[in-house]
Amino acid sequence: MMEMTAEERSLIKHLDKCDFTEIHRHFVDKAAAWRALPREEKQKLKEEAEKLEHEFGYCTLDGHREKIGNFKTELPGLFCGRGDHPKMGMLKRRIRPEDVVINCSRDSQIPEPPAGHQWKEVRSDNTVTWLAAWTENVQNSIKYIMLNPSSKIKGEKDWQKYEVARRLKRVVEEIRSQYRTDWKSPEMKKRQRGVALYFIDKLALRTGNEKEEGRTADTVGCCSLRMEHVRLHMYANGHKHVVELDFLGKDSIRYYNWVPVEKAVFQNLQIFMENKDPGEDLFDKLTTSSLNKHLQDLMDGLTAKVFRTYNASIVLQEQLRVLTRAEDSIAAKILAYNRANRAVAILCNHQRATPKTFEKSMRNLQTKIQAKKTQIAEAQGELRKAEGDYRIKGDGKSKSILEKKQRLLQKLEEQLVHLSTKATDKEENQQVALGTSKLSYLDPRISIAWCKRFGVPVEKIYSKTQRAKFAWALAMVGEDFEF
DNA sequence: TCCGATGACTCAGAAAACTATTT
DNA sequence: AAAATAGTTTTCTGAGTCATCGG
């Protein structure tokens with residue numbers, strides 16, 4: 001890899017005046033070369049990769065062979081942050097063995113560094129779960145080699161997370177009445193805490209730690225909201241006391257919402273916002289650590305992010321209850337599941353870019369629907385003819401033809417319903433990302449129990465890797481599980 | 001008590017890789 | 001029957017959360 005010389009650095013002022021076609025062509029050609037490779041060659045390369053994974057992709061922990069999540073260090077390249085990142089385009093250096101710290105037990109077979117190289121350090125720290133680590137040069141942060149989500153250590157942690165959220169379920173009403181009381185506190189700090197907690201609970205906002213200015217993209221969460229992100233409307237869209245929230249959250253995903261709130265919340269916000277400039281903090285007397293300290297006092301293990309887990313899982317359970325009908329087909333039940341999943345994703349503001357082929361595939365689906373409607377019209381015509389035939393002849397043969405036509409029409413109508421539901425599902429899902437909530441917020445036991453109760457094969461809901469990740473839940477849960 | 005820095009872990013969507021379907 | 005296309009799954013690595021530590 002080549003770096004710019006000092007001379008080039010002073011010469012180049014605008015990247016958009018640079019010609020990148022050469023490197024672009026390089027990658028296009030590389031992709032084309034791979035496509036053009038004969039089948040056997042591809043197979044050979046794949047087998048080599050598999051061999052590598054077999055050798056380096058696993059470790060032994062407490063006597064068990066476990067899969068590693070990321071067994072390769074990150075490749076050198078240009079740093080590509082999300083959103084308007086001040087460090088975008090910086091050179092990410094290649095990781096050498098001399099950068100890497102190895103963590104394994106003393107009596108284990110310590111991995112050999114490549115010939116002619118040495119590890120930065122070999123240590124034996126059994127209080128952490130990582131196997132190796134290095135410091136990445138762009139953000140100066142530590143990167144880790146850790147176990148796969150299917151491992152025992154990750155699975156247990158995942159289970160614990162949902163158990164904490166279930167404990168919150170038992171005390172959440174009490175906590176809610178507590179933060180409502182705080183809205184009236186003479187201490188402004190408590191009022192801010194109460195309102196922030198209301199947002200975190202009701203809108204599933206992230207905590208919002210403060211970040212050092214200028215080092216990362218300018219994004220916020222609840223506690224770091226600024227004046228410029230909030231607008232108050234006494235009346236809007238037929239509601240009283242509406243709060244307009246508009247800010248960039250994690251990964252610079254926009255959060256945009258008009259929320260009717262309780263009068264006390266609205267009035268408190270008016271007080272918090274008095275005499276402040278757009279760049280000032282809304283909750284100026286609140287920090288994430290004081291908020292979490294308070295939550296810890298209310299319940300052992302409670303932190304702000306637990307509300308997201310709790311509310312996500314509760315919404316899934318409730319939506320599945322509302323949307324599932326036992327007499328529906330498997331396909332209809334899966335659509336109900338997706339809808340419930342979507343309700344959670346919307347709550348958590350999990351968005352995706354509209355897929356590149358969205359419009360086209362939507363059109364294709366509409367074409368299929370039209371074709372089905374035409375078929376139905378034809379079948380109706382034939383049915384009427386058969387009816388007339390039967391009325392005139394009244395014999396067994398014409399009766400059986402009539403019945404056949406009736407069955408055909410019914411089948412076609414069912415297919416149409418299925419297609420239309422699918423289209424609606426696709427349409428509603430255009431900009432919603434379901435994956436994150438499914439993987440990180442929804443207690444898998446809710447989904448598995450639902451599958452068992454309604455006879456939906458688990459494979460229809462969870463892919464192979466997802467089933468491996470949720471093995472702990474598959475092993476323990478029956479159809480009567482309640483979150 | 002209160003910071004600011006750091007470390008270790010979870011969670012995030014895009015892109016790549018793979019698989020199924022259509023042409 | 002093979003190639004193109006569409007749909008699904010997995011990988012990748014950046015971006016958060018939160019506890020702890022030292023002053």
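**Entry 1: the largest pocket**

I began with the lining of the largest pocket, which I sorted by class into 25 nonpolar, ten polar and eight charged residues. For this sorting Ala, Val, Leu, Ile, Met, Phe, Trp, Tyr, Cys and Pro count as nonpolar, Asp, Glu, Lys and Arg as charged, and the others, Gly among them, as polar. I note here that this is a predicted model, in which local features need pLDDT of at least 70 and side-chain atom pairs count only at pLDDT 80 or more, while totals for chains, interfaces and linings use all residues. Residues are numbered from 1 along each chain as its sequence is written, chains are lettered from A and ligands numbered from 1 in the order in which they are written, and side-chain values use heavy atoms, with hydrogens and water left out.

I looked up the volume of the largest pocket and found about 1,600 Å³, where a volume is the space filled by probe spheres set on grid points that are joined across faces, edges and corners. A pocket is found on a 1 Å grid over the protein atoms alone, as an open set of points with protein on both sides within 12 Å along at least five of seven lines, whereas a cavity is a set of points where a 1.4 Å probe fits but cannot get out; in both, lining residues have an atom within 4 Å of a point. The lining of the pocket numbers 43 residues, and those nearest its centre are Cys-59, Ile-68, Ile-102, Pro-111 and Leu-131. Two or more lining residues come from each of α3 (39-56), β1 (58-61) and β5, and β1 gives the most, with four residues. These elements are DSSP runs numbered from the N terminus, helices being H or I over at least four residues and strands E over at least two.

**Entry 2: the sheet that contains β5**

I followed β5 from the pocket into an open sheet of four strands, with mixed pairing and the order β6-β5-β7-β8. Because β6 (121-123) and β8 (141-145) stand at the edges with a single partner strand each, one side of each is left without a neighbour in the sheet. Direction ignored, neighbouring strands of this sheet are turned by 25° against each other on average, the axes being lines fitted to C-alpha atoms (for helices over the stretch in contact) and angles running from 0 to 180 degrees between N-to-C directions.

I then checked β5 (residues 101-103) and β7 (residues 132-136), which pair in the antiparallel sense over two bridges; two strands pair if DSSP finds at least two bridges between them. Ile-102, listed above among the residues nearest the pocket centre, has Ala-132 in β7 as its bridge partner.

**Entry 3: a hairpin**

I also looked at β10 (residues 239-248) and β11 (residues 254-260), which run antiparallel and are joined by seven bridges. The two strands form a hairpin with five residues between them, and Asp-251 in the turn has a positive phi of about 60°. Phe-247 has Tyr-255 in β11 as its bridge partner.

**Entry 4: the cavity**

I found one cavity of 30 Å³ or more in the structure, and the space in the largest cavity comes to about 40 Å³. Its lining consists of Glu-74, Lys-92, Arg-93, Ile-95, Trp-134, Glu-136 and Asn-137, which divide into two nonpolar, one polar and four charged residues.

**Entry 5: DNA strand C**

I counted 27 residues around DNA strand C, the closest being Gly-208, Thr-219, Lys-360, Ser-463 and Thr-465, and a residue is near a strand if one of its heavy atoms lies within 4 Å of it. Of the atoms of DNA strand C that come within 4 Å of the protein, 88% are accounted for by sugar and phosphate.

Lys-92, which also lines the cavity, has a side-chain N or O atom 3.0 Å from a phosphate oxygen of DNA strand C. The corresponding distance is 2.7 Å for Thr-207 and 2.6 Å for Lys-360. By class, the surface near DNA strand C has three nonpolar, 13 polar and eleven charged residues.

**Entry 6: DNA strand B**

I turned last to DNA strand B, with 24 residues around it, of which Lys-154, Lys-161, Lys-250, Thr-436 and Tyr-441 come nearest. A polar side-chain atom of Tyr-441 lies 2.7 Å from a phosphate oxygen of this strand, and one of Tyr-144 lies 2.8 Å from such an oxygen. The largest share of the surface near DNA strand B, three residues, comes from α4.

Notes:
Polar contact = N/O pair within 3.5 Å; in protein donor to acceptor, adjacent residues only side chain to side chain.
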